[in-house]
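Biologist: I am new to reading structures and would love a close look at a single part. Could you take me slowly through the open sheet and what lies across it?

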Amino acid sequence: MTRDTSVVLHEVFGFTSFRGAQAAIVERTVAGEDSVVLMPTGGGKSLCYQLPALLRPGVGIVVSPLIALMHDQVEALRLLGVRAAYWNSTSSAEETAATRRAVQSGELDLLYVAPERLLLPSFLSVLQQVADDAGIALFAIDEAHCVSQWGHDFRPEYLRLAEITAHFPGVPRIALTATADPITRTEIFERLGLVGATEFVSSFDRPNIRYVVEEKNETRAQLLRFLESGDDGDSLRGEAGIVYCQSRKRTEEIAAWLREAGYDAIPYHAGMANDDRSAAQQRFRREDGVVVVATIAFGMGIDKPDVRFVAHVDLPKSLEGYYQETGRAGRDGEPAIAWMAYGLADVVQQRSFINGSGGSPEHRRVDQMKLDAMLGYAEASTCRRRILLAYFDEQSGDCGNCDTCLNPPELWDATVPAQKVLSAAIRTGQRFGAGHLIDVLLGKRTPKVEQWDHDQLPTFGVGADVSDREWRSVVRQLVARGMLSPDPARMGALVVTEAARPVLEGGAAVQLRRVQAPVARVKKPRTA
Ligand code: ADP
Ligand code: ZN
């Protein structure tokens, strides 16, 4: 660390030392090199570009898609005496003119811009002039995962950032994100033109977050039970939290229902008016004990430190999304819980959605891989944190702070039941859903069974020794493993895949998790 660096760190930012990789990142950026920074939320990404911008001549250009955050950051920097400004759609003509004058006359240390602004010819000509004159200290590309076409935060404007920064050779670029599975990571390097950049990866572990997954039977009752008694008997009433759902309608319903149960719950989704959405955000941020029931639209830029729980009542589409969403809990370092209820319908629905989507085969393949990783986590019988971290290429031991560590699941040899389900699917012509297959196995004479003469099948009633609930769990795990797959051509029908062949023909063993007790309680003590 040069003297300048430590002086600025202390005197401007008021920090006594760097955290983690910050020192190395700052040093490289000051030296004019490119880097890609992967750091979890709250890890201290801002300093990685703010400090070099002060140490290098000229203005640091920060590209950020989050207007609200831009605002907050600029305010905070100004309080520290840093000459910062933003340039986005919320600026008035006068403000824009003043910012333009300031940047042109070399009076700014940091300028935050929205990506679509950066692309405007008028802005680019200002930038060119600044480059020739006072100079550009660096380009920081925040929320760099927005360049990923596979992610739900995709911003088409990000695809053009490589082209623009290439106009200014010699200006270091630093791309930062808190979301980066291997696919997104490759995209950041390639699409942002950062092929030669150094990658800095911080640990993604959030040790104070406890991960718990429960088998879903009755969403509402289970959610309520979770809120009433946490995962270990401590009520979460009065705590701030987020409940993520897959649909807008469901956020409204669950919020209304939680309000009836006495919770201060409010919905949040992209279909709400802008004013209502910002009011919800404000309430969540400023008041205590607000529960936001949201779609993934409630996301980037939530920086409330004391969120005590994040609950998922539907299965997320990817593990990176899940990590990001659960990462909003416990930013203050105090114990927090990431709870999820997940069931057969979730896995069938998500698989059907992908199988039946009109996307390109490549797109489908990526979606399938992402979902498989998510299912690997949901169905885990080993430490969940290990699985989560392994997805980000990070090795770790058993954490002692997830449900599978605290309460190891019972495994059973389900080879025979698996064969029964698979042959029931084959014998019924692979045109029925889970419910009907289970009815056949249990030997129930439902109208549908009689209509199709399925009571005549050799598989009829062969599974009466296993409970309905256990069967659902078996089917769910087989769908999760891809041995049964929803037929894109026939709503709800499950077909037997190639992956099932070793089990059907060779008797390959199938180890499954036993269904959990109705209430998944994990043992005390609750430690961080
Ligand atoms: P991120 O953008 O990665 O989510 P921030 O840049 O907002 O994280 O930093 C998170 C918090 O950590 C902020 O409150 C910031 O002031 C603090 N912080 C960052 N770097 C340091 C440091 N070296 N020493 C102490 N606090 C730091
Ligand atoms: Zn664990």
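Modeller: Happy to, and here is a walk from the sheet to the helices beside it. This is a predicted model, so to speak of local features we need pLDDT of at least 70, and side-chain atom pairs count only at pLDDT 80 or more, while totals for chains, interfaces and linings use all residues. Residues are numbered from 1 along each chain as its sequence is written, and chains are lettered from A and ligands numbered from 1 in the order in which they are written.

The open sheet has seven strands, in the order E3-E4-E2-E5-E6-E1-E7, with parallel pairing. Here strands (E, at least two residues) and helices (H or I, at least four) are DSSP runs, numbered from the N terminus, and two strands pair if DSSP finds at least two bridges between them. At the edges stand E3 (84-87) and E7 (198-201); each has a single partner strand, so one side of each is left without a neighbour in the sheet. From one strand to the next, the twist averages 20 degrees.

For one pair up close, take E2 (residues 59-63) and E4 (residues 110-113), which pair in the parallel sense over four bridges. There, Val62 stands opposite Tyr112 in E4.

Now for the helices. Contact means C-beta atoms, placed from the backbone, within 7 Å; angles run from 0 to 180 degrees between N-to-C directions, with axes fitted to C-alpha atoms, for helices over the stretch in contact. Helix H2 (residues 22-30) lies across E1, E5, E6 and E7, at about 160 degrees to E1. Helix H3 (residues 45-55) lies across E1, E2, E4, E5 and E6, at about 170 degrees to E5.

Methods
Two residues are in contact if their C-beta atoms, placed from the backbone, lie within 7 Å.
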